[in-house]
Amino acid sequence: MIPWGLTPLLSCRDLRFAWDGRRDVLVLPHFDVARGERVFVCGPSGSGKSTLLGLLAGVGVPREGRVVLLDTVLSGLSSAQRDRFRADHVGYVFQQFNLLPYLGLVDNVLLGCAFSARRTACAALHGTPRAEAERLLAALGLDAAPLRRRSVAALSVGQQQRVAAARALIGSPELVLADEPTSALDAEARDAFVALLLAECRRNGSAVVFVSHDLALARHFDRIVRLPAPARAEAA
Amino acid sequence: MRTLVLAVKSMRMRRFAVALTVLTIALSVLLLLGVERLRREARSSFASTVSGTDLIVGARSGPVNLLLYAVFHVGDATSNVSWQSYREIAALPEVAWTVPISLGDSHRGFRVMGTSADFFTRYRYGDGHALGFADGKPFDDLYDAVIGARVADKLHYRLGQRIVLAHGFGGGPQMLHADKPFRVVGILAPTGTPVDATVMVSLAGIEAIHVDWRSGMRLPGMEIGAAQARAMDLTPTSVTAFLVGLKSRLAAFAVQRAVNDYAAEPLLAILPGVALGQLWGLVGTAENALRAVSAMVVLAGLCGMLTALLTMLDQRRREMAILRAVGASARTVFALLALEAGLLAAAGAALGVVLLYAALAALRGFVAGRYGILLTLGPPSGEECLLLAAVVLLGLLAGCIPAWIAYRRSLADGLQVRL
């Protein structure tokens with residue numbers, strides 16, 4: 001992968017994070033992601049993988065160190081500014097239960113740009129955001145037309161995760177964060193999901209930070225980052 | 001706007017719980033507004049019963065008591081006013097007109113009022129409306145009767161109907177004045193006042209049916225027939241009370257004092273407005289208790305909503321995390337829940353108003369017939385609008401509790417939801 005800019009998309013230095021002032025659950029001296037890069041993050045349970053994603057998304061701020069995304073120091077922004085920044089530049093996929101049951105298939109995808117004018121504009125580059133949502137769904141192997149009438153709660157887990165991926169990708173955010181999105185899928189569906197997700201990220205030019213402890217998936221990625229076990233984190 | 005759409009869609013999915021909550025609030029609002037409406041209508045109905053009458057004179061008792069029995073036909077007079085006193089007060093130079101009232105008989109549950117034909121021209125109700133005849137004319141003959149609209153309606157009487165009056169209320173057949181039947185010659189148009197539920201006959205008529213009675217009993221062996229009575233002197237010895245119209249209202253206090261200081265007999269003159277004021281003072285406590293209860297019911301309704309919102313909160317953690325992930329701020333989460341509570345309260349208030357008007361439309365015939373209170377279907381008053389606004393505001397405030405919890409929680413949880 002050739003980075004598209006000289007500075008990395010994402011740059012973390014000397015991160016430390018603790019819940020409620022107790023021992024640090026995450027200690028990460030150095031973590032960079034280039035534009036469009038696909039990074040696989042693994043580590044044992046409790047090594048702070050989800051915490052890391054929270055910091056990268058700007059939901060939380062580290063106790064020490066800093067997260068720089070798109071030349072912006074996240075901890076230098078107010079909480080509301082970080083929320084807006086996340087809406088504009090970050091797509092997020094949860095482990096499961098990604099969808100709002102009261103919204104339809106396409107509306108769940110459109111939720112990805114609901115809080116961002118930038119992503120709405122981006123999604124409308126080749127038509128309307130709705131058309132872009134349907135294109136993404138089709139690209140991820142979900143034909144919106146026959147599924148539209150059904151409640152999203154009636155979709156299979158695999159289908160739900162692909163809708164979530166479409167939501168994370170709509171409006172081409174620079175960074176897509178995925179928190180063990182395949183852990184509820186069977187082995188076959190996992191590879192298919194990761195392949196589709198990464199293909200669309202490549203198309204969008206989005207970088208991916210993909211957290212999982214299923215090392216079999218690591219071969220799809222440019223780079224693997226292992227987070228140290230919590231015992232070592234405590235020692236550090 | 002976006003938050004509103006999300007709140008509405010989220011509520012639509014939980015529509016059964018939401019509908020129940022809205023209904024609870026609506027019923028409490030219905031009670032609150034209903035009590036307020038009924039109170040107002042009852043007051044205006046009472047206040048509109050006597051207009052154009054400057055003084056009411058009766059035997060000395062309490063002002064409220066006199067007002068109640070003379071005008072509203074509630075309760076009974078303790079004693080009467082002698083015909084002599086009535087004549088003398090009617091002859092005072094300040095007095096423009098008087099209408100005597102003689103109560104004590106009944107007809108099938110309706111009061112019978114002996115009066116003069118002046119009653120039909122002098123009595124005023126509402127904004128100074130005069131009595132109108134739906135059919136027929138005022139009484140003329142000794143045994144003529146005029147009936148109120150409700151009497152005609154309930155008993156299905158038409159002109160020419162023969163009716164028998166009863167002595168007092170609820171006596172047996174021996175208490176009927178069966179020997180001297182009356183004939184209905186006039187039916188009044190509805191007024192929404194106690195007149196509707198009254199049978200009116202002349203004072204001489206009242207006198208005629210009692211010529212062979214003493215102390216509420218028929219004199220045995222002294223029967224005097226209807227035709228015979230016509231030949232007798234039927235000037236009454238007393239009346240229950242009388243309405244007084246003055247040439248100038250400025251004289252009201254002077255005449256009132258003259259009546260109250262009347263030497264020959266203990267009398268009482270009241271200004272209807274002042275006596276009504278005293279009546280409101282009396283019923284005010286009960287009214288306030290009723291209002292307090294309906295306010296409590298509204299609070300209970302809002303507490304029900306709060307319970308529903310708080311119970312739902314745990315199930316909605318995931319929803320909040322998803323919204324946070326797509327860029328919603330914790331403030332949006334707060335707004336979403338507070339807005340939902342505001343919408344529930346507003347919907348409940350709106351439904352409550354709809355129910356109120358439905359209830360008013362359904363019950364107005366019954367209430368007018370049974371209690372003589374005319375329920376109007378006018379738009380909500382300023383006070384009612386304030387009450388509705390208070391309900392919505394309280395709902396919004398109550399919603400701030402779950403909203404605050406969700407706000408704190410979404411800051412603490414971030415994107416990780418522990419289910």
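**Exercise 1. Which residues of chain B does the UniProt annotation "transmembrane region" cover, and how much of each span is helix?**

Start with the record: the unreviewed UniProt entry places "transmembrane region" at residues 292-313, 333-366 and 386-407 of chain B. UniProt positions follow the numbering used here, feature names are shortened, and annotations may be inferred rather than shown by experiment.

Next, turn to the model. It is a predicted one, in which local features need pLDDT of at least 70 and side-chain atom pairs count only at pLDDT 80 or more, while totals for chains, interfaces and linings use all residues. Residues are numbered from 1 along each chain as its sequence is written, chains are lettered from A and ligands numbered from 1 in the order in which they are written, and side-chain values use heavy atoms, with hydrogens and water left out.

Now check two of the spans. Residues 292-313 of chain B are 100% helix and 0% strand, with end C-alpha atoms 31 Å apart. Residues 333-366 of chain B are also 100% helix and 0% strand, and there the end C-alpha atoms lie 49 Å apart. Helices (H or I, at least four residues) and strands (E, at least two) are DSSP runs, numbered from the N terminus.

**Exercise 2. Find the domains of chain B and the distance between their centres.**

Domain 1 takes in 2-46 + 283-415, and domain 2 runs over 55-270. These bounds come from an automatic or database domain assignment. Taken over C-alpha atoms, the two centres are 51 Å apart.

**Exercise 3. Describe the largest cavity and the largest pocket.**

First, the terms. On a 1 Å grid over the protein atoms alone, a cavity is a set of points where a 1.4 Å probe fits but cannot get out; a pocket is an open set with protein on both sides within 12 Å along at least five of seven lines; lining residues have an atom within 4 Å of a point. Grid points are joined across faces, edges and corners, and a volume is the space filled by probe spheres set on the points.

Second, the cavity. The structure has 4 cavities of 30 Å³ or more, and the largest holds about 100 Å³. It is lined by 11 residues, with B:R317, B:M320, B:R409, B:S410 and B:D413 closest to its centre. Helix 11 (317-325) and helix 13 (382-413) of chain B each give two or more residues to this lining.

Third, the pocket. The largest pocket has about 660 Å³ of space. Among its 30 lining residues, B:N80, B:S102, B:I206, B:H210 and B:S238 are closest to the centre. Strand 3 of chain B contributes the most, 4 residues.

**Exercise 4. What geometry does the ring pair B:Y86 and B:F242 have, and are its members buried or exposed?**

Rings of Phe, Tyr and Trp (its six-membered ring) pair if their centres lie within 6.5 Å; planes under 30 degrees apart count as stacked, over 60 as edge-to-face and the rest as tilted. By this rule there are 15 aromatic pairs over all chains. The centres of B:Y86 and B:F242 are 4.9 Å apart and the planes stand at 70°, so this pair is edge-to-face.

B:Y86 sits in helix 4 and B:F242 in strand 16 of chain B, so the pair ties together parts 156 residues apart in sequence.

Finally, accessibility: buried means under 20% relative accessible area, exposed over 50%, partly exposed in between (1.4 Å probe, protein chains only). B:Y86, at 4%, is buried, and B:F242, at 0%, is buried.
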